[in-house]
Amino acid sequence: MAPWLSIVIPARNDAEALARTLDHLQRLPGMHGAEVIVAAAGDPAGTARAVAGRARLLQPDGSTRAELMNTGADDARGEVLLFLHADSFPPADALALITRTLADPRAVGGAFEHRFAEPVWSLRAITWINRVRYRLTRNYYGDQGQFVRAPVFRALGGYRTLRLMEDLDFAQRLKRRGRSVLIRTPLITSGRRFLARGPWRTFFFIVWLLARWTLHLDTERYAEKWRGPANRPPGTPWSDKTNGADTLLSPDLTSRELSEAGPHPDQPTHAPTRSRGTRYK
């Protein structure tokens, strides 16, 4: 019997976080009706150990999130696709909430409320700022667990072949197809990238990228800065040597913020870019 839901997880050199997320998914009610697909780049041995038979493991040639998620979606059998970061934890009733949301035929997809895992004051402040933004715009990010009806995803051409902002681009296109719904129950995501690089420094870099995107200016040139080295896990700290946009950002707060972080039950101590083509068109 084909699953009704396919959970697609892109992972790049991120076996440790991936293992925790797969542990969490196994505990969710209703997983008997879902399949999990991991599309991974880098560290094949570590990733295989993390998966340990709990998901279908794909290792495509590409390494960007868009390439990995599109590969996973190509292999998916579910009527609904949920794209989940390797360091994100859906709420306990996530599957029931998605089912209830999509019972409305006008709803084409959506995402969850976002909350960082680590109880750090700066991350809490950034969470609330982001909530105002996405509640007003309905532009959801990948770390909110984007979900979509599979036929709609394919009609849209999947994620565009962008190295950066592929989730924002998809959210903007999705809401033009129908109702894109925000589920007000939080999905928990690690703030490790923010803590490693400085929460406010990272936040204002994102704001700067959003401004460039809105003005139809190139954001692709900053993809490697955001992603970090290809052979390292996501969230690798930025180098002290800065150039370009870095010099505009506030000082790195890494050491102070990391000292404030505490344990969490699920997460231990463009040419314009929009011109790129989609996968199915």
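**A buried serine, a helix pair and two loop residues**

S88 is buried in this model, at a relative accessible area of just 1%. The model is a predicted one, and its S88 belongs to strand 5, a strand made up of residues 88-89. On the side-chain level, S88 pairs up with T189 through a polar contact of 2.8 Å. T189 also turns up among the contacts that S88 makes once its neighbours within four places in sequence are set aside; the others are T21, D143, L187 and I188.

One of those contacts, T21, leads on to helix 1. This helix covers residues 15-26, and its length checks out: twelve residues at 1.5 Å each should span 16 Å, and the end C-alpha atoms sit 17 Å apart, which agrees. T21 is itself one of the buried residues of helix 1, along with A15, A17, L18, R20, L22, H24 and L25. As for what lies over these buried positions, the cover includes strand 1 (5-12) and strand 2 (34-41), helix 2 (44-51) and helix 8 (192-197), as well as strand 5, the strand that holds S88.

Further along the chain, helix 5 (residues 121-137) pairs with helix 9 (residues 199-214). Their axes come within 10 Å and cross at roughly 20 degrees. Angles under 35 degrees count as roughly parallel, and helix 5 and helix 9 are therefore roughly parallel to each other. From helix 5, the residues that meet helix 9 are W121, S122, L123, A125, I126, I129, N130 and R133; on the helix 9 side, they meet P199, W200, F203 and L210. Sorted by class, this contact of helix 5 with helix 9 brings together nine nonpolar residues, two polar ones and one charged one.

Two loop residues are worth a look for their backbone. R138 is not a glycine, yet has a positive phi of about 60 degrees. R138 lies in the loop between helix 5 and strand 7 (146-149), and is partly exposed, with a relative accessible area of 34%. H216, likewise a residue other than glycine, has a positive phi near 60 degrees. Its place is the loop that runs between helix 9 and helix 10 (223-227). H216 is partly exposed too, with a relative accessible area of 46%.

Note on methods:
Residues numbered from 1 in each chain as written. Predicted model: local features only at pLDDT ≥ 70, side-chain atom pairs only at ≥ 80, totals over all residues. Heavy atoms only, no water. Helix = DSSP H or I, 4+ residues; strand = E, 2+ residues; numbered from the N terminus. Buried < 20%, exposed > 50% of the residue type's maximum accessible area, 1.4 Å probe, protein only. Polar contact = N/O pair within 3.5 Å; in protein donor to acceptor, adjacent residues only side chain to side chain. Contact = heavy atoms within 4.5 Å. Axes fitted to C-alpha atoms, helices over the stretch in contact; angles between N-to-C directions. Parallel < 35°, antiparallel > 145°, perpendicular 65-115°, else oblique. Nonpolar A, V, L, I, M, F, W, Y, C, P; charged D, E, K, R; others polar. Expected span 1.5 Å × (residues − 1).
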